[in-house]
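User: I am beginning to study protein structures and would like to work through one example. May I put my questions to you in turn?

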Amino acid sequence: MAKTDQYPGRLRPVIRAYLDDLAKLGPYGKGRAAVMRHFIENGIIHALESGVLTKKDVRDHGETVEETEKDET
């Protein structure tokens, strides 16, 4: 699995409450970080599909193709 960096970002209390509510529902992730990751990844996929972003090669960012394929399953 690829190394993940910690981001000490600050969120408004109401946003944290929404993230907690979404985590309790389950399909978006089991905790705040997983819910945020879900929505960030979906937003990036949408931006790639709509042409806002261009696809990057994961190997340029310290990942291997095998790791990426395993993470997508």
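User: Is L53 buried, partly exposed or exposed, and what is its relative accessible area?

Analyst: This is a predicted model, and L53 lies in the loop between α2 (32-49) and α3 (65-72). Buried means under 20% relative accessible area and exposed means over 50%, with partly exposed in between. L53 therefore counts as partly exposed, with a relative accessible area of 40%.

User: Which residues make the nonpolar surface patch, and what is its area?

Analyst: L53 is one of the residues in this patch. The others named with L53 are I40, I44, L48 and V52. The nonpolar surface patch they make has an area of about 440 Å².

User: How many helices and how many strands does the chain have?

Analyst: Read from one end of the sequence to the other, the chain follows the pattern α-α-α. The count agrees with that pattern: 0 strands and 3 helices.

User: At what angle do α1 and α2 pack?

Analyst: Two packed helices are described by the angle between their axes and by the distance between those axes. For helix α1 (residues 13-25) and α2, the axes are 8 Å apart. Angles of 65 to 115 degrees count as roughly perpendicular, and α1 and α2 are therefore roughly perpendicular to each other. The angle at which they pack is about 90 degrees.

User: Which residues of α1 and α2 make the contact between these helices?

Analyst: The two helices pack with their axes 8 Å apart. On the side of α1, the contact is made by R16, L19, D20, L22 and A23. On the side of α2, the contact is made by R32, V35, M36 and F39.

User: Which side chain meets that of R32 in a salt bridge?

Analyst: Side chains of opposite charge can pair when their charged atoms come close. The side chain of R32 takes part in a salt bridge with an N to O distance of 2.9 Å. This pair links distant parts of the chain, 12 residues apart, with R32 in helix α2 and its partner in helix α1. The partner is D20.

User: What are the relative accessible areas of R32 and D20?

Analyst: A residue between the limits of 20% and 50% is partly exposed. R32 is partly exposed, with a relative accessible area of 35%. D20 also counts as partly exposed, and its relative accessibility is 28%.

User: How far apart are the C-alpha atoms of D20 and V35?

Analyst: D20 is placed in helix α1. Along the chain, D20 and V35 are 15 residues apart. In space, their C-alpha atoms are separated by 8.5 Å.

User: How far apart in space are D21 and V35, C-alpha to C-alpha?

Analyst: D21 is located in helix α1 and is partly exposed, with a relative accessible area of 41%. In sequence, D21 and V35 are 14 residues apart. From C-alpha to C-alpha, their distance is 9.9 Å.

User: Which residue forms a salt bridge with R59?

Analyst: The structure holds 2 salt bridges. In the one formed by R59, the closest N and O atoms are 2.9 Å apart. R59 is exposed, with a relative accessible area of 53%, whereas its partner counts as partly exposed at 29% relative accessibility. That partner is D57.

User: What percentage of the residues in the chain are buried?

Analyst: The chain has 73 residues, and its accessible surface comes to about 6,500 Å². A residue is buried if its relative accessible area is under 20%. Buried residues make up 11%.

Notes: Residues are numbered from 1 along each chain as its sequence is written. This is a predicted model: local features need pLDDT of at least 70, side-chain atom pairs count only at pLDDT 80 or more; totals for chains, interfaces and linings use all residues. Side-chain values use heavy atoms; hydrogens and water are left out. Patches are made of residues with over 30% relative accessible area and no salt bridge: like charges are joined within 9 Å, nonpolar side chains (Val, Leu, Ile, Met, Phe, Trp, Tyr) within 5 Å. Accessible areas come from the Shrake-Rupley method with a 1.4 Å probe; for residues, only the protein chains shown count as cover. A salt bridge is a side-chain nitrogen of Lys or Arg within 4 Å of a carboxyl oxygen of Asp or Glu. Helices (H or I, at least four residues) and strands (E, at least two) are DSSP runs, numbered from the N terminus. Buried means under 20% relative accessible area, exposed over 50%, partly exposed in between (1.4 Å probe, protein chains only). Axes are lines fitted to C-alpha atoms, for helices over the stretch in contact, and angles run from 0 to 180 degrees between N-to-C directions. Angles under 35 degrees count as roughly parallel, over 145 as roughly antiparallel, 65 to 115 as roughly perpendicular and the rest as oblique. Contact means heavy atoms within 4.5 Å.
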